[in-house]
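Subject: Structure for you to look at

Hello,

Here is the structure I said I would pass on. The sequence and the model come first, and my notes on what was found follow below.

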There are 2 protein chains.
Amino acid sequence: MARHPDRSETTARTPTVYDVADRAGVSIATVSRVLRTPDAVREATRERVLSVVRDLGYVPSGNARALAGRRTGVIGLCFPGHDGLEGDRDPLRVEGGVRVVDDRRNGAPAGGSNLYFDEVLRGAEVEAWRRGFALMVAAGRGPSREVIVNDIAGRVDGLAVVARTVSNELLTHVARRIPVVVLADATQADGFDHVSVDNSAGMQALVTHVVGELGVRDVVYVAGPPDSPDDAERQLGLMSALAAHGLADVPRVAGEFRRDTAHAAVAELLRSRTPRALVCANDQSALGALDAVRERGLRVPDDVYVTGFDGLDVARFTEPPLTTVGQPMAELGRAAVQAVVDRLEAPGKPLTATRLGVELLLRESCPPV
Amino acid sequence: MARHPDRSETTARTPTVYDVADRAGVSIATVSRVLRTPDAVREATRERVLSVVRDLGYVPSGNARALAGRRTGVIGLCFPGHDGLEGDRDPLRVEGGVRVVDDRRNGAPAGGSNLYFDEVLRGAEVEAWRRGFALMVAAGRGPSREVIVNDIAGRVDGLAVVARTVSNELLTHVARRIPVVVLADATQADGFDHVSVDNSAGMQALVTHVVGELGVRDVVYVAGPPDSPDDAERQLGLMSALAAHGLADVPRVAGEFRRDTAHAAVAELLRSRTPRALVCANDQSALGALDAVRERGLRVPDDVYVTGFDGLDVARFTEPPLTTVGQPMAELGRAAVQAVVDRLEAPGKPLTATRLGVELLLRESCPPV
DNA sequence: GTGAAAGCGCTAACAG
DNA sequence: CTGTTAGCGCTTTCAC
């Protein structure tokens with residue numbers, strides 16, 4: 001009471017434990033107990049307190065709780081902005097009304113709108129919920145990203161970060177405060193727990209299908225960005241499958257994981273020659289490859305096989321449907337949260353590196369034999 | 001210092017302002033200033049403090065900040081669990097490896113995997129970020145939902161809640177502490193800010209197309225759940241368009257917004273007769289209607305027109321592509337966050353009811369004239 | 001510019 | 001079963 005000389009109920013502030021305690025004629029400790037360990041309080045008292053809680057519209061401050069309890073009950077998830085989300089700078093359109101659009105099929109499906117992270121996020125949310133944690137998201141864009149991550153790090157019990165979202169330096173820094181797990185990057189020995197997908201095995205299976213079963217010798221790889229750990233692993237799988245079939249290497253063009261870039265690169269390539277198969281680093285670039293092949297008047301799969309990687313939904317609806325490697329995206333998110341929680345529960349245990357399996361989805365663009 | 005007699009740097013705890021202050025030979029106030037208002041501190045001092053921050057791996061506690069600063073910098077978003085996410089109870093599969101699947105088109109596209117909320121979430125995230133807030137998500141499933149919402153309410157500055165996620169009672173309760181905006185429910189006069197899409201106008205435009213332009217008189221409405229405010233509004237639009245064309249009403253069957261339910265209901269209907277058009281309350285039920293029509297050996301649009309509502313991605317890839325009303329889902333999320341932030345900045349202003357426009361997407365299942 | 005001190009609202013011993 | 005009392009780590013006047 002000393003700290004709160006005037007808790008007269010007339011003051012219009014958001015009510016605190018003190019207000020509830022006063023009104024119910026109990027101590028703040030009892031109010032706290034009613035909320036956290038109801039069985040430790042006599043029924044009558046409990047009822048009284050609860051009714052005051054209702055009357056006052058009391059909602060306990062999560063921050064005060066976290067501070068006093070030394071745990072927030074929140075897990076953070078950071079990933080690198082929603083790619084291609086131009087809406088980022090669109091002014092928000094808020095007029096009502098209806099616009100009529102003739103939307104009959106007039107071209108290839110639009111590029112996948114970043115389903116990838118949507119699904120990771122969903123998986124993470126589900127798992128966090130089950131483990132009794134709330135989830136805080138930061139899909140950083142721009143330089144302020146580092147600031148935000150730092151900020152988030154201060155409000156959660158643990159953090160899951162998608163590879164390449166922020167500098168390793170920052171990661172190391174925040175890891176001194178809370179457990180950090182890195183998603184979609186198999187790199188070891190950086191002191192973090194890791195959760196990733198079997199990129200290498202996936203690509204290996206895919207290329208084995210193309211080279212081994214279909215017997216194609218003339219392959220071109222539409223590569224991802226040089227600094228992508230994902231692509232690095234996929235190339236490892238590629239090389240290994242090639243080697244297994246007596247091929248030393250194949251030519252590459254730079255697709256950069258992007259539809260437009262891949263489109264341009266493949267168009268350029270096709271001006272000089274037509275390989276039998278275009279193995280693309282991801283689905284987006286496969287869409288670009290498909291565009292370029294079509295423009296050239298070539299048929300898929302008859303003239304050229306085309307394959308992707310990721311298993312975006314949109315890959316099922318291309319013309320023809322795209323053979324690709326499906327990643328368990330939602331499970332990635334779940335596994336990440338799981339790894340964070342596990343680490344929280346067993347701080348001392350050795351670092352883990354979770355590997356999730358993938359699916360080789362054989363479709364018309366490069367069909368089964 | 002009185003409160004922290006032993007701040008000797010040898011103790012291995014997560015460092016606090018006190019540790020930084022000690023090491024840098026300044027007061028905690030100065031440390032705080034360096035972080036919040038750098039210009040208020042002499043350059044030399046600032047550098048010194050910053051370097052200690054780095055050395056110690058200091059990350060400020062967001063909770064303590066929020067508590068002292070009386071604002072969290074976080075906005076909450078709650079929606080009703082990820083529908084149909086069975087993965088909810090799946091054990092997480094964590095073995096690596098590759099599974100090969102012949103995934104050539106073998107049926108209709110799978111039902112939309114809840115893109116709806118994924119996009120709302122994404123929109124909210126983007127807007128929160130731009131406004132300098134972090135986002136906390138709760139996609140509640142089960143009864144503990146109410147508990148969690150309450151919990152979240154205690155850790156955020158404002159809350160956006162999708163209609164029918166939690167009881168109005170709880171909403172009213174937490175609204176006494178922080179601003180609450182309700183999504184996708186046009187109901188007024190409940191004391192909350194609202195953000196929704198123009199359901200009524202959308203359906204009206206759609207039905208005007210069917211009845212007015214295509215001249216169909218024999219329509220059946222595949223309705224949503226009786227307690228859905230969304231469907232209620234859509235029916236309003238339906239009635240109004242019918243009236244405008246001299247039709248009193250049309251028969252209804254219960255689709256419940258679900259593919260399976262709608263499938264069953266329409267199959268039942270078709271056993272007795274075949275209406276010229278099936279106007280469905282949402283895309284999911286339109287998928288079900290399509291299934292039933294196909295099974296009956298009828299052709300769309302030649303024998304029956306079918307329409308949906310929502311504009312899910314999957315509706316573009318059905319056979320034939322589905323005429324539907326597209327909702328700006330990401331913008332819904334953005335507008336919600338915007339409403340929360342606006343309310344935070346101007347607590348006194350009158351309640352708002354934001355209405356987002358929709359698009360009538362005319363596709364092959366009920367094409368333009 | 002910088003420091004001292006007073007909380008922010010809650011939990012968790014520790015007494016009784 | 002209930003009350004007292006320390007803090008949790010930070011921001012923020014108010015002096016100097």
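One cut-off is needed before the notes start: a residue is called buried if 20 or more other C-beta atoms lie within 10 Å of its own, and exposed if 12 or fewer do. Please also keep in mind that this is a predicted model.

A:Thr72 is a place to begin. With 25 C-beta neighbours inside 10 Å, A:Thr72 reaches the cut-off and therefore counts as buried, although its place is in a loop, the one between H4 and strand S1 (74–80) of chain A. Leaving aside neighbours within four places in sequence, A:Thr72 is in contact with A:Ala66, A:Arg155, A:Val156, A:Asp157 and, from the other chain, B:Asn63. The C-alpha atom of A:Thr72 is also separated by 9.4 Å from that of A:Gly158, which is 86 residues away along the chain.

The loop between H4 and S1 of chain A also holds A:Arg70. Is A:Arg70 buried or exposed? A:Arg70 has 10 other C-beta atoms within 10 Å, so it is exposed. Its phi is positive, about 60°, although A:Arg70 is not a glycine. Most residues other than glycine have a negative phi, and most peptide bonds are trans.

A second positive phi, about 140°, is found at A:Asp310, again not a glycine. A:Asp310 has its place in the loop between S10 and S11 of chain A. With 28 other C-beta atoms within 10 Å, A:Asp310 is buried.

The loop between strand S10 (305–307) and strand S11 (324–326) of chain A is also the place of A:Pro320. The peptide bond leading from A:Glu319 to A:Pro320 is cis, with omega near -5°. In chain B, a cis peptide bond joins B:Val300 and B:Pro301, with omega about 5°. B:Pro301 lies in the loop between helix H11 (283–295) and strand S10 (305–307) of that chain.

On chain A as a whole: its secondary structure comes to 12 helices and 13 strands. Of its 369 residues, 53% are buried. Among contacts in chain A between residues at least 6 apart in sequence, 70% join residues at least 24 apart.

The largest nonpolar core has 227 residues, and the members that touch the most others are A:Val222, A:Val306, B:Val222 and B:Val306. Away from its neighbours within four places in sequence, A:Val306 is in contact with residues that include A:Leu278, A:Cys280, A:Ala286, A:Leu290, A:Val300, A:Leu322 and A:Cys366.

Next, the two protein chains together. How many residues of chain B are in contact with chain A? The number is 78, and they meet 78 residues of chain A. The side of chain B that touches chain A divides into 36 nonpolar, 17 polar and 25 charged residues. Strand pairing is found across the chains as well: 5 bridges join strand S13 (residues 358–362) of chain A to strand S2 (residues 98–102) of chain B, and the two run parallel. Within S2 of chain B, B:Arg99 is the residue opposite A:Glu359.

Two copies of a chain are related by a rotation about an axis and a shift along it. Here a rotation of 180° with 0.0 Å of shift along its axis superposes chain B on chain A, with an RMSD of 0.1 Å. That is the relation of a two-fold axis. Because 99% of the interface residues of chain B are also interface residues in chain A, the copies meet through the same surface.

Last, the DNA. Around strand C there are 27 residues, of which A:Thr16, A:Val17, A:Ser32, A:Ala64 and A:Ala68 come nearest. Helices H2 (28–36) and H4 (62–69) of chain A, and H2 (28–36) and H4 (62–69) of chain B, each supply at least two residues of the surface near strand C. That surface divides into 15 nonpolar, 8 polar and 4 charged residues.

DNA strand D is surrounded by 27 residues, and the closest are A:Ala29, B:Val17, B:Ser32, B:Ala64 and B:Ala68. The elements that give two or more residues to the surface near strand D are H2 and H4 of chain A and H2 and H4 of chain B. The residues near strand D divide into 15 nonpolar, 8 polar and 4 charged.

Regards

Conventions:
Residues are numbered from 1 along each chain as its sequence is written. Chains are lettered from A and ligands numbered from 1 in the order in which they are written. This is a predicted model: local features need pLDDT of at least 70, side-chain atom pairs count only at pLDDT 80 or more; totals for chains, interfaces and linings use all residues. A residue is near a molecule or strand if its C-beta atom, placed from the backbone, lies within 6 Å of it. Helices (H or I, at least four residues) and strands (E, at least two) are DSSP runs, numbered from the N terminus. Ala, Val, Leu, Ile, Met, Phe, Trp, Tyr, Cys and Pro count as nonpolar, Asp, Glu, Lys and Arg as charged, and the others, Gly among them, as polar. Two residues are in contact if their C-beta atoms, placed from the backbone, lie within 7 Å. Two strands pair if DSSP finds at least two bridges between them. A nonpolar core is a set of buried Ala, Val, Leu, Ile, Met, Phe, Trp, Tyr and Cys residues joined through C-beta atoms within 7 Å. Copies are superposed by least squares on the C-alpha atoms of residues with pLDDT of at least 70 in both.
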